[in-house]
Amino acid sequence: MSAPGENLRIDSARLWDSLMEMAKIGPGVAGGNNRQTLTDEDAAGRALFQTWCEAAGMTMGTDAMGTMFATRPGEDPAALPVYMGSHLDTQPTGGKYDGVLGVLGALEVVRTMNDLGIRTRHPIVVTNWANEEGARFAPAMLASGVFAGVHTLDYAYSRKDLEGKTFGAELERIGWKGAEEVGARKMHAYYELHIEQGPILEAEKKDIGVVTHCQGLWWLEFTLTGRAAHTGSTPMDMRVNAGLAMARILELVQRVAMDAQPGAVGGVGQMQFQPNSRNVIPGTVVFTVDIRSPDQDKLDRMRAQVEEGAAVICRNLGVEMAVEPVGHFDPVTFDPTLVGNVRAAAERLGLSHMDIISGAGHDACWAAKAAPATMIMCPCVDGISHNEAEEISPEWAAAGTDVLFHAVIETAGIVE
Ligand code: HGY
Ligand code: MN
Ligand code: MN
């Protein structure tokens, strides 16, 4: 089967219209999106996606984690499908493209196949993974993790948000708990188009990121217990200050990440003070440390340094410490054949490209446990993401989707 011609391109205007249409659902307050997983806004986005998939002649299946799979038949029904997709859920102050480009780009590939009357040997499946972000229910990539056998369904259903609501109850409430057994589907291959969410491609003036690896991650949830007391009348030497311990641990995380350069990051994005009152020294502080590296040994060393250092800080302050890993995946190497298809597609299309390691985690990291998988990236403006100011150009969106189109055809095979 000859490789698809360089003139095979998607309809970039239709893709951009769909991105802007989806962005109207769960709008943020500054031009981005707040369409968090299993909210009514998520349900509305799912319904629109299903409508579009069915209008493109696909049939929708949903599994017991709420992940959506839209199937376009292939000529060989015995052939395992080629999957592509990403996620429609967003951060609370998310952008319009994180995840969404990968889902609607995949839909656009199917729409273009329909326009051109392209028949493929392998069936094609467009996927919307549930709860990729892990913002409301930790860990991130929860549904793809159950699909890959990393998490049990019971564990996933038991995950709670800050209001104590469980994933399982919220999935029932929005009516998107599907009948399919999670992970029963078998994939021939999996491609994920995603914005880079970092500054490299734009700085290097490259249209396409050929993603060879994804860095690994630990999310460590710390619970520090001190003694709530009056901020005014409690002498400094009498304080058992969980807030001070947290501040010193944040400095420790910064130091551990900087000492591990290059190729390491560390920080804290979420914390809760209890009772969180201006004139009460916090009795309890709960926060999650996020550390990452593409190097397995470095990642595990950073985790040990953070946990050991935090224990010394708390001991010196008389603060009790508990720490629980609430998210983890090792560094991922994507499938060399699929990576080669992405690189060849970018070259055939005359697009500038470079190999890149994904700094963010993606469902492809868990899909890679179930089948050969890889990713395609496009630049984003100033490398900003997980921020309502996230922006890409229509040209970048179209280039990434054209590469997805060509790579998927290479793998799914065109039937003349
Ligand atoms: O945390 C991540 O890397 C992804 O956005 N879930
Ligand atoms: Mn994402
Ligand atoms: Mn994200």
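Ligand 1 is surrounded by E132, E133, A140, R292, A360, G361 and H386, where a residue is counted as near a molecule if one of its heavy atoms lies within 4 Å of it. This is a predicted model, in which local features need pLDDT of at least 70 and side-chain atom pairs count only at pLDDT 80 or more, while totals for chains, interfaces and linings use all residues. Residues are numbered from 1 along each chain as its sequence is written, chains are lettered from A and ligands numbered from 1 in the order in which they are written, and side-chain values use heavy atoms, with hydrogens and water left out.

Three of the residues around ligand 1 also make polar contacts with it, as the table shows; a polar contact is a pair of N or O atoms within 3.5 Å, and within protein one atom must be able to donate a hydrogen and the other to accept it, with residues adjacent in sequence counted only if both atoms are side-chain atoms.

| Atom of ligand 1 | Partner in the protein | Distance |
|---|---|---|
| nitrogen of ligand 1 | N or O atom in the side chain of E132 | 2.9 Å |
| oxygen of ligand 1 | N or O atom in the side chain of E133 | 3.4 Å |
| oxygen of ligand 1 | polar backbone atom of G361 | 2.7 Å |

E133 and H386 appear again at a metal site. The manganese ion (ligand 3) is coordinated by D98 (OD), by E133 through two OE entries and by H386 (NE2), at 2.2 to 2.5 Å; donors are N, O and S atoms within 2.8 Å of the metal (3.2 Å for Na, K and Ca), and because water is not among the atoms, sites may look incomplete. Along the chain these donors follow the spacing D-x34-E-x252-H. D98 lies in the loop between strand 3 and helix 3, and E133 in the loop between strand 4 and helix 4, so the pair ties together parts that are 35 residues apart in sequence; helices (H or I, at least four residues) and strands (E, at least two) are DSSP runs, numbered from the N terminus. Both D98 and E133 are buried, a term that means under 20% relative accessible area, whereas exposed means over 50% and partly exposed lies in between (1.4 Å probe, protein chains only).

The manganese ion (ligand 2) is coordinated by H87 (NE2), D98 (OD) and H194 (NE2), at 2.1 to 2.3 Å, and its donors have the spacing H-x10-D-x95-H. D98 coordinates both manganese ions, ligand 2 and ligand 3, which are 3.4 Å apart. Since H194 belongs to strand 5 (residues 189-195) and D98 to the loop between strand 3 (82-86) and helix 3 (100-116), the pair ties together parts that are 96 residues apart in sequence. H194, like D98, is buried.

Aromatic side chains form a further set of contacts, and a search of the whole structure finds nine aromatic pairs; rings of Phe, Tyr and Trp (its six-membered ring) pair if their centres lie within 6.5 Å, with planes under 30 degrees apart counted as stacked, over 60 as edge-to-face and the rest as tilted. The rings of F69 and F147 have centres 6.0 Å apart and planes at 40 degrees, so this pair is tilted. F69 is in strand 2 (residues 68-72) and F147 in helix 4 (residues 142-147), 78 residues apart. F69 is buried at 0% relative accessibility, and F147 is buried at 7%. F69 and F147 also belong to one aromatic cluster with Y83, W129 and Y190.
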